[in-house]
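Me: Could you take a close look at the main core of this one and tell me how the sheet around it is put together? One connected walk-through is fine, cut-offs included.

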Amino acid sequence: MPEPSEANEPNESAGPNAPNDRAEAAGTLRISRVLDRCGVLGPGWRAVIWVQGCPLRCRGCLAEETLPFSGGELRPVAELADWLAELPDIEGVTLSGGEPFGQAGALAELLDAARARRPGLSAMAYSGFRLEALRRGTLAQRALLDRLDLLVDGPYVEARHGDLLWRGSDNQRLLPLSDRYADIAERADTSAGIEVSVGAGGTFSWAGVPTAPGFRAGLENRLGQLGYAVRPLNEARSVAGGADRSEREVDEERAETEGTP
Ligand code: SF4
């Protein structure tokens, strides 16, 4: 497994610019986890891929274990494409994280390979960066944008948490990037809820966007009190390092992007 090069280190001073595209070994993607079937992270039933690594540190991030770029596991793009092509009864795939645009080239490659076998597969992605910043990004980041039907953009801002469709805070936009979901604004803008999965080995996981901040900590506290072992988050925090992203930084970003078509 190659160590990330210095040139690939996230640029914390990049402000609203798109993240560096961290190319892993050719044809591989560093992921945190996948889910075969989910009904609360995008339209219809969807596979979900949580990529590993994010350069941002939004206060209250729900996926702290996905933040270190050195974590997760490397998976061949071809293997993930086979998985997507063969899953029964899904409408599309949602790319979450972590920061999907930190591995844009591999994800664009994955969508092409999966759609070669499953042409109707729709694609949605989350990004902590604004669409306008991503459009100024690398060729690979623009290639990924070209392959998406829906984008949720912008960082999570805990103080602006709301009961919103597929988003955590009201600064985040749900943007159709193709005709596939052009009518998305007509849907009720309220939370799609939380889904709980129990794996074959008895592992418990959940997906979705809670309607209130603090959901994860509260859930894990309650599970701990009931005697369930919950993987502590402090390991992810100490590896991730970095400072919380302030509302001022988010406001600066908003000021830059508001009014941009
Ligand atoms: S953009 Fe923010 S909320 Fe999303 S994974 Fe990165 S730190 Fe967490």
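Reply: The largest nonpolar core has 41 residues, and those with the most contacts inside it are Leu29, Ile49, Leu107, Leu110 and Leu148. A nonpolar core here is a set of buried Ala, Val, Leu, Ile, Met, Phe, Trp, Tyr and Cys residues joined through C-beta atoms within 7 Å. Buried means that 20 or more other C-beta atoms lie within 10 Å of a residue's own; 12 or fewer is exposed, in between is partly exposed, and the C-beta atoms are placed from the backbone. Mind that this is a predicted model: local features need pLDDT of at least 70, side-chain atom pairs count only at pLDDT 80 or more, and totals for chains, interfaces and linings use all residues. Numbering runs from 1 along each chain as its sequence is written.

Helix H2 (residues 104–117) gives the most to the 41-residue core, with seven residues. Helices (H or I, at least four residues) and strands (E, at least two) are DSSP runs, numbered from the N terminus. Take Leu29: leaving aside neighbours within four places in sequence, its contacts (C-beta atoms, placed from the backbone, within 7 Å) include Val51, Leu107 and Leu110.

Now for Ile49, which belongs to strand S2 (residues 46–51), where six of six residues are buried. Arg46, Val48 and Trp50 are buried on one side, and Ala47, Ile49 and Val51 on the other. Two strands pair if DSSP finds at least two bridges between them. S2 has five bridges to strand S1 (residues 28–38), running antiparallel, and five to strand S4 (residues 92–96), running parallel. On the S1 border, Val48 is the bridge partner of Leu35. On the S4 border, Ile49 stands opposite Leu95, while Arg46 has Gly92 as its bridge partner.

Zooming out, S2 sits in an open, mixed sheet of seven strands, in the order S3-S1-S2-S4-S5-S6-S7. Its edges are S3 (73–76) and S7 (173–176), each pairing on one side only. From one strand to the next, the twist averages 30°; angles run from 0 to 180 degrees between N-to-C directions, with axes fitted as lines to C-alpha atoms, for helices over the stretch in contact.

As for the helices, H2 packs on the sheet, touching S1, S4 and S5 (122–126), and its direction makes about 45° with that of S1. Helix H1 (residues 77–86) lies across S1, S2, S3 and S4, at about 70° to S3.

Conventions
Two residues are in contact if their C-beta atoms, placed from the backbone, lie within 7 Å.
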